[in-house]
Each structure stands twice: as structure tokens, then as C-alpha cells.
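Work through the exercises below with the sequence and the structure open. Each task is followed by a solution in steps.

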Amino acid sequence: MIEQHIPVNDDEWNSACNLFEVKHVQKGATVHRAGDVFSEIWFIKSGLARSYFSDINGKEHTWQLYFRGKSEHGLNHFMDDSVSFYEKSGSILNFEILEDSVFYVTSLEELNKFISREKKWALLAGKWIHNTYYSATYKRVLSLMSETAAQRYARLLVEYPAIFKQVKSYHIASYLGVAPQTLSKLKNESR
């Protein structure tokens with residue numbers, strides 16, 4: 001993925017790889033809890049995870065699903081809460097592992113130091129920040145504000161055709177911003 005954007009020699013590759021630790025995380029684990037300052041970035045190698053928050057009534061809302069793949073709404077390979085990190089404030093999000101997963105993990109502080117040492121890494125970071133955060137968040141918010149539930153459901157199936165094999169329906173309903181009953185109705189209507 002990196003070499004699609006910038007050339008990397010063996011020494012640079014080794015230096016970059018040494019920043020990250022491989023973490024195997026079991027299904028059901030929470031790797032970050034709301035209220036804590038988020039200080040790491042998690043790059044998903046395999047598996048499935050989600051970020052979510054709970055409203056004042058305790059209802060969970062899925063903010064993002066993380067797994068390997070690219071959609072029209074940007075990459076979803078990186079789990080982090082940069083707002084929490086840069087503002088040094090407690091995160092609003094919880095991060096839960098939905099199936100046994102493998103991640104490459106490093107501290108955001110160490111990653112920032114590494115990126116600042118060479119212009120090409122900064123350029124790569126800028127591209128990924130755009131594709132991962134700005135573009136995806138922009139399109140997701142506009143979708144929630146402008147599309148009907150049926151349109152969001154249809155787009156999700158185009159972008160992630162196997163999503164129902166990987167993710168439980170109630171997480172998908174939460175991600176789409178609909179009640180589980182509405183999702184069930186949408187599924188039946190699309191058959």
C-alpha cells in the first residue's frame with residue numbers, strides 16, 4: 001500500500017516497521033475506553049473492529065467499522081481518535097474487537113516524530129489522513145444527513161457486499177443510523 005504512494009528502500013522500510021508492534025486481540029476485547037485519552041494508532045492487518053459511543057440514555061451508536069478493504073467513503077484500516085490525542089481530552093469513543101484480529105500498533109507521538117523526519121513520510125501521512133479521516137467522515141456525515149435509510153443500506157451493500165457475513169445486524173443498523181427493525185425491513189425489501 002505504501003509503495004503505491006512513495007518509493008521506500010529497505011532501510012526506510014525497516015525503520016518504519018520498527019515503530020510498530022504486532023498485537024493479536026481476541027474477539028470481545030475493548031482496546032480503548034471512552035474517557036481515556038487515545039494515544040495509539042492501530043492499523044488492522046486482519047479481523048474486524050468497531051468504534052462506538054453511548055448516548056445519555058446508554059444506547060450505543062456505531063461510529064465506524066474497521067476491516068481490510070476500501071470503500072467509496074475512504075479507507076477504514078486505521079483505528080484511532082486523533083481529536084482525543086491532539087486535544088489531550090478524553091475520547092468519546094470505545095473501540096471493540098468484533099472477531100479475532102491482528103493489528104500493527106504504535107504510539108501517535110512516536111509516529112509523529114517519525115513522519116516529521118522526512119518529507120515523503122509527511123506526504124504519505126497527508127494522503128492517508130485525507131482518505132481515512134477527512135474524506136470518510138465528510139461523506140459519512142453527508143450520507144446520514146441527506147440519504148434515506150434505504151439509500152444508505154443500498155450503498156453499504158455496494159461498498160461492502162459481504163458485510164452481513166462479518167458484522168452482526170445490530171451493529172450494521174447502528175452504523176446506518178436505523179433501528180434493527182428498520183434494517184430487517186430493508187433486508188426483506190431488497191430480496
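Rings of Phe, Tyr and Trp (its six-membered ring) count as a pair if their centres lie within 6.5 Å; planes under 30 degrees apart make the pair stacked, over 60 edge-to-face, and the rest tilted. The model is predicted, so local features need pLDDT of at least 70 and side-chain atom pairs count only at pLDDT 80 or more, while totals for chains, interfaces and linings use all residues. Residues are numbered from 1 along each chain as its sequence is written, and side-chain values use heavy atoms, with hydrogens and water left out.

**Exercise 1. Aromatic pairs**

Task: Find how many aromatic pairs the rule gives, and classify the pair Phe 43 and Tyr 104.

Solution.

Step 1. The rule gives 7 aromatic pairs.

Step 2. A pair of aromatic rings is described by the distance of the centres and the angle of the planes.

Step 3. For Phe 43 and Tyr 104 the centres are 6.2 Å apart and the planes stand at 25°, so this pair is stacked.

Step 4. Locate the two residues. Phe 43 is in strand S3 (residues 40-54) and Tyr 104 in strand S8 (residues 94-107), so named because strands (E, at least two residues) and helices (H or I, at least four) are DSSP runs numbered from the N terminus. The two residues are 61 apart, and their pair links distant parts of the chain.

Step 5. Check the accessibility, where buried means under 20% relative accessible area, exposed over 50%, and partly exposed in between (1.4 Å probe, protein chains only). Phe 43 has 15% and is buried; Tyr 104 has 27% and is partly exposed.

**Exercise 2. A second pair**

Task: Decide whether the pair of Tyr 66 and Phe 95 is stacked or tilted, and whether Phe 95 is buried or exposed.

Solution.

Step 1. Between Tyr 66 and Phe 95 the centre-to-centre distance is 6.1 Å and the angle between the planes is 35°, which is a tilted pair.

Step 2. Tyr 66 belongs to strand S4 (residues 60-66) and Phe 95 to strand S8, with their positions 29 residues apart, so this pair too links distant parts of the chain.

Step 3. Tyr 66 is buried at a relative accessible area of 5%, and Phe 95 is buried at 0%.

Step 4. Phe 38 joins Tyr 66 and Phe 95 in one aromatic cluster.

**Exercise 3. Arg 50 and its partners**

Task: Which acidic residues share a salt-bridge network with Arg 50?

Solution.

Step 1. Apply the rule: a salt bridge is a side-chain nitrogen of Lys or Arg within 4 Å of a carboxyl oxygen of Asp or Glu. The count is 6 salt bridges.

Step 2. Arg 50 bridges to Glu 60, with the closest N and O atoms 2.5 Å apart. Arg 50 lies in strand S3 and Glu 60 in strand S4, so the bridge ties together parts 10 residues apart in sequence.

Step 3. Arg 50 counts as buried at 2% relative accessibility, whereas Glu 60 is partly exposed at 37%.

Step 4. Arg 50 also meets Glu 96 in a salt bridge of 2.8 Å, N to O. Glu 96 is in strand S8, so this bridge ties together parts 46 residues apart in sequence. Both Glu 96 and Arg 50 are buried.

Step 5. Look at a bridge within one helix. Lys 113 and Glu 110 form a salt bridge with N and O atoms 3.5 Å apart at the closest. Both residues lie in helix H3 (residues 108-116), 3 residues apart, about one turn of the helix. Lys 113 is partly exposed at 41%, and Glu 110 is partly exposed at 34%.

Step 6. Return to the task: salt bridges with shared partners join Arg 50, Glu 60 and Glu 96 into one network.

**Exercise 4. The nonpolar cores**

Task: Which helix gives the largest share of the largest nonpolar core?

Solution.

Step 1. A nonpolar core is a set of buried Ala, Val, Leu, Ile, Met, Phe, Trp, Tyr and Cys residues joined through side-chain atoms within 4.5 Å.

Step 2. The largest such core has 16 residues, and those with the most contacts inside it include Leu 65, Leu 156 and Ile 163.

Step 3. Helices H5 (149-159), H7 (169-176) and H8 (180-189) are the elements that give two or more residues to this core. H7 gives the largest share, 4 residues.

Step 4. A second, separate core has 15 residues, among them Phe 43, Phe 85, Trp 121 and Leu 124.
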